[in-house]
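Here are some exercises to work through with the model open beside you. Try each task on your own before you read its solution.

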Amino acid sequence: MTAATAAAATHRKPLGASVNIPPRRMDFEFDGKTPRYWYDNDAFLSLYWTTLSALFPEGERFFVDSVRHFRDQITDPVLKAQIAGFIGQEAMHTKEHETINAAMTKMGIDANRIDRQLKPILGFVRKVTTKRMQLAVTCALEHFTATIAEQLLRDPDHAAKGEPEVMGLWLWHALEENEHKTVAYDVYQQVGGNYAERAGLMVAATVIFLGLTTYWHGTLLAQEGKLFDVRRNLKSAAYLWGRNGLFTRLAPQYLDYYKPGFHPNDHDTRVLLEEWREKLFGADGLLRDQVKKPNGKPFH
Ligand SMILES: [Fe+2]
Ligand SMILES: [Fe+2]
């Protein structure tokens, strides 16, 4: 490589990387090798995470559009670079979740149906809300993804329950959700967002999110003939919502969002992120071989 091409390659470094939000191109393979119930061999929990996965392609396109709409109003060069990183990361998440959703659909767990049903719902939301309201909804849902992701990174038992290739996807996504957790929120603040709208739309987003995910999760369970496996389902539901359940434990972090002076950085994840960048992409990183160059060849 000549000095000139080396310099050009340096310049091609994504803008987001300069602010620690690097879009990493991944290439997971699930087809034919992912177990049907890949999380703890548990139908209820596996189908729950698959339901969430089914929401990401359309959901994250909504997030990206809502931030991109305000991009030209942002003058701060750091936030502009963070927006570039955010858009790049979410685009990669969409691509990889589409891959696992297709693999699940192929084995009869119809994640693509959920994706198709979500599209008109988000189309309706786009129609009846202002652009800033859409951004507030994005902030609310980014708070969900950041807190759920933080928990996944902090809880080794949780991370160990999944089949490694699928968990690789979720851990990579979890890392990046925390890397870019402030972006939509900071854009919202800069374009005149206010507390009443932000908190009100968090209530609405929570109710709608819980309603839809419960419904779609139920449809996948029904398709699998597991909906009335009541005893097992209750036990698995308790793992999420019981006294010390995964989501129950997130309640304080969720409620922090309603503080008037809340900022996503109130939950300090800097050390955690450093640890996980090393674990996933360091010299012996679990996903080191996954990171791809734009031309599809591995970086390393
Ligand atoms: Fe994402
Ligand atoms: Fe995100």
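## Warm-up: one loop

N41 counts as exposed, because its relative accessibility is 60% and the cut-off for exposed is over 50%. Keep in mind throughout that this is a predicted model.

**Exercise 1. Where does N41 lie, and what is the sign of its phi angle?**

Solution. Start with the place: N41 sits in the loop between α1 and α2. Next, look at the backbone: phi of N41 is near 55°, a positive value in a residue other than glycine. Now step back to D40, which is also found in the loop between α1 and α2. Phi of D40 is positive too, near 60°, and D40 is not a glycine. Finish with accessibility: D40 has 39% relative accessibility, so it counts as partly exposed.

**Exercise 2. Stay in this loop and describe R25.**

Solution. R25 belongs to the loop between α1 (3-11) and α2. With a relative accessible area of 30%, R25 is partly exposed. For a long-range check, take the C-alpha atoms of R25 and A196: they are 38 Å apart in space, and the two residues are 171 apart in sequence.

## The two iron ions

**Exercise 3. Which residues coordinate the iron ion (ligand 1)?**

Solution. First collect the donors: E60 (OE), E90 (OE), H93 (ND1), H173 (NE2) and E177 (OE) coordinate the iron ion (ligand 1), at 1.9 to 2.3 Å. Then read them along the chain, where the spacing is E-x29-E-x2-H-x79-H-x3-E. Last, place two of these donors: E90 lies in helix α3 (residues 77-106) and E177 in helix α7 (residues 164-179), so the pair ties together parts that are 87 residues apart in sequence.

**Exercise 4. Which protein donors does the iron ion (ligand 2) have, and which geometry class does its site fall into?**

Solution. Begin with the list: E90 (OE), E142 (OE), E142 (OE), E177 (OE), E177 (OE) and H180 (NE2) lie 2.0 to 2.7 Å from the iron ion (ligand 2). E142 and E177 each appear twice in that list. Along the chain, the donor residues are spaced E-x51-E-x34-E-x2-H. For the geometry, take the angles among the 6 donor atoms of the iron ion (ligand 2): they run from 53 to 151°, and the site is irregular. Six donors would count as octahedral if opposite donors were over 155 degrees apart and all others between 65 and 115.

**Exercise 5. How far apart are the two iron ions, and is E90 buried or exposed?**

Solution. The iron ion (ligand 2) and the iron ion (ligand 1) are 3.7 Å apart. E90 bridges them. Now turn to accessibility, where buried means under 20%. E90 has 0% relative accessibility and therefore counts as buried. E177, at 2%, counts as buried as well.

## Helix α3 and its contacts

**Exercise 6. What does E96 touch, apart from its neighbours within four places in sequence?**

Solution. Locate the residue: E96 lies in helix α3. Its relative accessibility is 1%, so E96 counts as buried. Then list the contacts: E96 meets M26, D27, F28, F30, L169 and W172.

## A helix pair

**Exercise 7. Describe how helix α2 packs with helix α4.**

Solution. Two packed helices are described by the angle between their axes and the distance between the axes. The axes of α2 (residues 43-68) and α4 (residues 111-128) come within 9 Å and cross at roughly 35°. The crossing is right-handed. On the α2 side, the contact is made by T50, T51, A54, L55, P57, E58, G59, R61, F62 and D65, and on the α4 side by A111, I114, D115, L118, K119, L122, V125 and R126. Sorted by class, the contact has 9 nonpolar, 3 polar and 6 charged residues.

## Towards the end of the chain

**Exercise 8. Where is R288, and how far is its C-alpha from that of E278?**

Solution. R288 lies in the segment after α12 (270-281). Its relative accessibility of 26% is why R288 counts as partly exposed. The C-alpha atoms of R288 and E278 are separated by 9.6 Å, and the two residues are 10 apart along the chain.

Key:
Residues are numbered from 1 along each chain as its sequence is written. Chains are lettered from A and ligands numbered from 1 in the order in which they are written. This is a predicted model: local features need pLDDT of at least 70, side-chain atom pairs count only at pLDDT 80 or more; totals for chains, interfaces and linings use all residues. Side-chain values use heavy atoms; hydrogens and water are left out. Axes are lines fitted to C-alpha atoms, for helices over the stretch in contact, and angles run from 0 to 180 degrees between N-to-C directions. Helices (H or I, at least four residues) and strands (E, at least two) are DSSP runs, numbered from the N terminus. A crossing is left-handed if the near helix is turned anticlockwise from the far one by less than a right angle, and right-handed if clockwise. Contact means heavy atoms within 4.5 Å. Ala, Val, Leu, Ile, Met, Phe, Trp, Tyr, Cys and Pro count as nonpolar, Asp, Glu, Lys and Arg as charged, and the others, Gly among them, as polar. Donors are N, O and S atoms within 2.8 Å of the metal (3.2 Å for Na, K and Ca); water is not among the atoms, so sites may look incomplete. Buried means under 20% relative accessible area, exposed over 50%, partly exposed in between (1.4 Å probe, protein chains only). Four donors count as tetrahedral if all angles lie between 85 and 135 degrees; four count as square planar and six as octahedral if opposite donors are over 155 degrees apart and all others between 65 and 115; anything else is irregular.
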